[in-house]
Amino acid sequence: MASVLAKTKRKKIIFPTKKELSEAMAEYTANLSAKFCKARGYFTVVLSGGDLISWLSELLEPMYQESIEWSKWHIFWVDERVVPLDHKDSNYKLAFDGFLSKVPIPIANIYAIDKDCAALGDAKGAALLYEECLKRLVNQDIIRTYKASGFPQFDLQLLGMGPDGHMASLFPGHYQIKEKADLVTYITDSPKPPPKRITFTLPVINCAFYNLMAVCDEAQADAVAKVFSDNFDLPAAWLTADVEAIWFLDQAAASKIPKGH
Ligand SMILES: O=C1O[C@H](COP(=O)(O)O)[C@@H](O)[C@H](O)[C@H]1O
């Protein structure tokens, strides 16, 4: 595990309200978009599911709609529920309906899981095909690779955490958090429904240049406090990044962080 830890120190910013968090997340994302689009003509963005998508709505404001080079964005999912792509539990559907359908990202640049595996509930097949997809885009030089491991290195991942401390579909007490060889793995008994999911492995998650973890509400306060006390039973406590791993918290989520952390 040590090899995937502590490339950067965990940082945090606490916002008075979700609205302010959401505005800051939009600004953070837009600045990185400008930086990476200028540097190499692409911006690789990894989304998660959950509440995060509603907080992305600030990026739909005219100021960002008009200034962001959307055609250079490439969209991935850090985890996905293995359900049909039009199912209410699909992270793809959540992001498409709430965000992606409202911005001019070319449809070819949006990498959902394989629709047949999704429809059949084939988690293993979906993980294998998503890993192949990542490798193909590495070969096309759309996704870069992390120098030390050769793993795919995304520009920005926007992450969320559940009240049990799970991130992506890496759950406490489940072996997937220890997977080091594969890029994408799967789970068929997720404690949070639906049970079948695929997920990036921790080494891939921690290779990203920038990881932004957004967490709001009192229900997450205990888990946030444990993470900031370095309780590594929680998968989210392992989050790091190549350049910056930053937690955006609202006051309620941050309310139980012990003083000095
Ligand atoms: O099931 C999932 O949950 C996590 C956390 O969601 P949240 O609504 O508590 O923020 C999410 O990040 C993940 O992508 C999703 O599949």
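Trainee: By class, how many nonpolar, polar and charged residues has the shell around the ligand?

Mentor: This is a predicted model. In it, 15 residues surround the ligand. Sorted by class, the shell has five charged, eight polar and two nonpolar residues.

Trainee: Which residues are the closest to the ligand?

Mentor: Being near here takes a heavy atom within 4 Å of the ligand. A shell of 15 residues surrounds the ligand. The closest are Gly49, Asp79, Arg81, His166 and Lys192.

Trainee: How many Å is the polar side-chain atom of lysine 192 from an oxygen atom of the ligand?

Mentor: Lys192 is one of the closest residues. A polar contact needs N or O atoms within 3.5 Å. The lysine 192 side chain places a polar atom at 2.9 Å from a ligand oxygen.

Trainee: What percentage of the ligand's exposed area does the protein bury?

Mentor: Start with the ligand alone, which exposes 390 Å². The protein then buries part of that area, namely 94%.

Trainee: Where does the ligand sit?

Mentor: Sitting in a pocket takes more than half of the ligand's atoms within 2 Å of the pocket's grid points. By that test, the ligand sits in the largest pocket.

Trainee: Over which residues is the pLDDT below 50?

Mentor: The chain averages a pLDDT of 96, and 97% of the residues score at least 70. One stretch falls below 50, with 14 contacts beyond near neighbours in sequence. Where pLDDT is low, predicted coordinates should not be read in detail. The stretch is residues 1-6.

How values were computed
Residues are numbered from 1 along each chain as its sequence is written. This is a predicted model: local features need pLDDT of at least 70, side-chain atom pairs count only at pLDDT 80 or more; totals for chains, interfaces and linings use all residues. Side-chain values use heavy atoms; hydrogens and water are left out. pLDDT is the predictor's confidence in each residue, from 0 to 100. Contact means heavy atoms within 4.5 Å. A polar contact is a pair of N or O atoms within 3.5 Å; within protein, one must be able to donate a hydrogen and the other to accept it, and residues adjacent in sequence count only if both atoms are side-chain atoms. Accessible areas come from the Shrake-Rupley method with a 1.4 Å probe; for residues, only the protein chains shown count as cover. On a 1 Å grid over the protein atoms alone, a cavity is a set of points where a 1.4 Å probe fits but cannot get out, and a pocket is an open set with protein on both sides within 12 Å along at least five of seven lines; lining residues have an atom within 4 Å of a point. Ala, Val, Leu, Ile, Met, Phe, Trp, Tyr, Cys and Pro count as nonpolar, Asp, Glu, Lys and Arg as charged, and the others, Gly among them, as polar.
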